[in-house]
Amino acid sequence: MTSFVGIDVTQTYTAAQLTGANSGKAPKVGDLYESYDSKTYRFVKYNQGAGAVAAVAGNAVGFYAPGGVSTGVTNEVTSDVSDTAGNGAGILAGAPGNGEYGWIQVKGVATLTTTLVSGASGQALVLSATTDGTLKVAAAVTDTVCAYAILAASKIIMCAFPH
């Protein structure tokens, strides 16, 4: 893990910015950052998936799993739910382009851009399997819980994503 001071978690990077002369000046894929307010972020690669779903800051992402079949990739994420295995990875802090890099929030309080597909305050949440970039209430004991609704009407959640 690399230590950072005062980073901008909304900043995105191209592949070229992570290599060559810039190497060592930018985060590395998989790096974690804990902010002063106890929020934890992970540096990942964004993939639009088969549906070409653009990244939107404040939307949920899942681990990239082409066609819904996991390949064990944990540092590449997408908002295209058809290209996840239903495992939530985090909340986008910025809006990287396809193949670009940025931060996702994995722990702490977050405010979503979109409303929950379903659920109420206090309920466990999972990545929606039907609506790109969103979360919904966990309905089965086999669901992979990744967050909790703190104040559902205001789209405030407590992130509990794996990292």
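Modeller: Let's start with a definition: a salt bridge is a side-chain nitrogen of Lys or Arg within 4 Å of a carboxyl oxygen of Asp or Glu. We are reading a predicted model, in which local features need pLDDT of at least 70, side-chain atom pairs count only at pLDDT 80 or more, and totals for chains, interfaces and linings use all residues. Residues are numbered from 1 along each chain as its sequence is written, and side-chain values use heavy atoms, with hydrogens and water left out.

Biologist: Thanks! How many salt bridges does a search of the whole structure find?

Modeller: The search finds 1 salt bridge. The side chains of K39 and D37 meet in it, with 3.8 Å from N to O.

Biologist: Are K39 and D37 buried or exposed?

Modeller: Here is the scale: buried means under 20% relative accessible area, exposed means over 50%, and partly exposed is in between (1.4 Å probe, protein chains only). K39 counts as partly exposed because its relative accessibility is 22%. D37, at 34%, counts as partly exposed too.

Biologist: S38 sits in that stretch as well. What is the phi of S38 near?

Modeller: The general idea is that most residues other than glycine have a negative phi. S38 has a positive phi, near 65°, and is not a glycine. To say where it sits, we need strands: helices (H or I, at least four residues) and strands (E, at least two) are DSSP runs, numbered from the N terminus. S38 is in the loop between strand 1 (32-34) and strand 2, and at 48% relative accessibility it counts as partly exposed. A52 is another non-glycine residue with a positive phi, near 50°; A52 belongs to the loop between strand 2 and strand 3 (60-64).

Biologist: Now the rings. How many aromatic pairs are there?

Modeller: A pair of aromatic rings is described by the distance of the centres and the angle of the planes. Rings of Phe, Tyr and Trp (its six-membered ring) pair if their centres lie within 6.5 Å; planes under 30 degrees apart count as stacked, over 60 as edge-to-face and the rest as tilted. By this rule there are 5 aromatic pairs. F43 and Y101 make a stacked one, with 6.2 Å from centre to centre and 20° between the planes. This pair links distant parts of the chain, since F43 is in strand 2 (residues 40-46) and Y101 is in strand 6 (residues 101-111), 58 residues apart. F43 counts as buried because its relative accessibility is 0%, and Y101 counts as buried at 12%. Ring pairs also link Y13, Y33, Y41, F43, Y101 and W103 into a cluster.

Biologist: Next, cysteines. How many disulfides does the structure hold?

Modeller: A disulfide is a covalent bond between the sulfur atoms of two cysteines. The test used here asks for a pair of cysteine sulfur atoms within 2.5 Å. The structure holds 0 disulfides.

Biologist: Why is C146 without a bond to C159?

Modeller: The sulfur of C159 is the closest cysteine sulfur to that of C146, but at 8.3 Å it is too far for a bond. C146 is buried, with a relative accessible area of 1%, and C159 is buried at 4%.

Biologist: C159 is in a strand, I think. Which residues are on the covered face of strand 10?

Modeller: In a regular strand the side chains alternate between the two faces of the sheet. In strand 10 (residues 156-160), I157 and C159 make the covered face, while I156, M158 and A160 make the uncovered one.

Biologist: How many bridges join strand 6 to strand 10?

Modeller: Two strands pair if DSSP finds at least two bridges between them. Strand 6 and strand 10 run antiparallel and are joined by 5 bridges; K107 has A160 as its bridge partner in strand 10. Strand 9 also pairs with strand 10 in the antiparallel sense, over 4 bridges, and A147 stands opposite C159 there. The hairpin of strand 9 and strand 10 has 4 residues between the strands, and K155 takes a positive phi near 65° in it. On to strand 7: it pairs with strand 9 (residues 147-151) in the antiparallel sense over 2 bridges, and L125 has A147 as its bridge partner. Strand 7 and strand 8 are antiparallel as well, over 3 bridges, with L127 partnered by L135.
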